[in-house]
Structure formats: C-alpha cells, structure tokens
Amino acid sequence: MRLTTKGRFAVTAMIDLAMRQDKGPVTLSAISQRQEISLSYLEQLFGKLRRHEIVESVRGPGGGYTLARRAEDVTVADIIIAVDEPLDATQCGGKENCHGSGHEHGSRCMTHDLWATLNAKMVEYLDSVSLKDLVDQQRQKNAEHNVVVVPRPHVAA
C-alpha cells in the first residue's frame, strides 16, 4: 500500500493554494511553477476538487482558485478521497475476495482484518489533519528557515 503521486500532488497543491489565497485567487500555472507539477495534471486534480466542493474557480482576469471552505474544515482525507486516491492496504480492495472466487479455502485471506484495520486507522489519521494544520506547519518551517542568526560579540570576563 502506498499513496500515489495523485494524492501527494493534490495535498501539496492545496497547501500552496491555502497559503496564498489571502491575496486573491491562485492560478494553477503559479502552483505548477512553484511545486513543479504538470499544469494539465493540476487541471485534472482541481476539476475533481471543485466537484467535491473543496475549491471554487474564479473566472476572468485575476481568476484562479480559492478554497470553497475554511482551511480548518478541509482534511487531508477530504482531499485524497476527492481525487479518487485509493486508501486501501487489503489485497482485495475491501471486497473480501482476497484469494479470488475459485479458491477452496474461502474468500478472505488470513491477514484481511489486519489490513482492513490499517485502512481504518489511515483514514482516521488523515481525517484528523486539517489543511490549516499543514499550512501552519509549512509557515513555521518557512519562518525557521528564514531566521538569521547574528553572532554576538565575544565579551572578555
């Protein structure tokens, strides 16, 4: 089980958008340049995010995208689910036919419940992290990165 680039790029683009939307709508071309994500890929992702009412599009000069909800009301799970990213560690996709329909020992594998529980924990965790949390973390990292340390002169005792 792993998160594909679709989910990673969607979350990254949403952090970028949320960090900059206070200056007005954010263009996908700007996000594309800053995050090095293909513009056509972003267009596909943002179409899905718009249909799930996570972002809104603003047309015309100065247009772009803004959040449709407050950043604290959007979770990472919302974003990942909106772009059709599967969060499933089971071999069967949660259908409980792990061995296939013709297998003589039943349909579920011995570790099905383990992976199904992991799925639930992943969704629970991703649902507990808001877009605002990620924006705040990024701003903190940026602030720490931009701190200039000025050496103090050595004073003899």
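In this predicted model, Glu53 sits in the loop between H3 and E1. This residue has a positive phi of about 55° although it is not a glycine, and that value comes just after H3. Most residues other than glycine have a negative phi, so a positive one is worth a second look. With a relative accessibility of 56%, Glu53 counts as exposed, because the cut-off for that word is over 50%.

A second residue of this kind is found in the loop between H2 and H3, where Glu36 lies. Phi of Glu36 is near 55°, again a positive value in a residue other than glycine. Glu36 counts as exposed too, at 71% relative accessibility.

Helix H3 itself covers residues 39-51, which makes 13 residues. From its first C-alpha to its last, H3 reaches 18 Å, close to the 18 Å expected at 1.5 Å a residue. Leu42, Leu45, Phe46, Gly47 and Leu49 are the buried residues of this helix. Their packing partners are helices H1 (5-20), H2 (28-35) and H4 (76-82), together with strands E1 (55-58) and E2 (64-67).

Of these partners, H2 can be followed in detail. H2 and H3 pack at an angle of about 120°, and their axes are 9 Å apart. That angle makes H2 oblique to H3, and the crossing of the two helices is right-handed. On the H2 side, Leu28, Ser29, Ile31 and Ser32 take part, and they meet Leu39, Leu42, Glu43 and Phe46 in H3. Sorted by class, this contact has five nonpolar, two polar and one charged residues. Leu42 and Phe46 thus appear twice, as buried residues of H3 and in the contact with H2.

Terms used:
Residues numbered from 1 in each chain as written. Predicted model: local features only at pLDDT ≥ 70, side-chain atom pairs only at ≥ 80, totals over all residues. Heavy atoms only, no water. Helix = DSSP H or I, 4+ residues; strand = E, 2+ residues; numbered from the N terminus. Expected span 1.5 Å × (residues − 1). Buried < 20%, exposed > 50% of the residue type's maximum accessible area, 1.4 Å probe, protein only. Contact = heavy atoms within 4.5 Å. Axes fitted to C-alpha atoms, helices over the stretch in contact; angles between N-to-C directions. Parallel < 35°, antiparallel > 145°, perpendicular 65-115°, else oblique. Left-handed = near helix turned anticlockwise from the far one by under 90°. Nonpolar A, V, L, I, M, F, W, Y, C, P; charged D, E, K, R; others polar.
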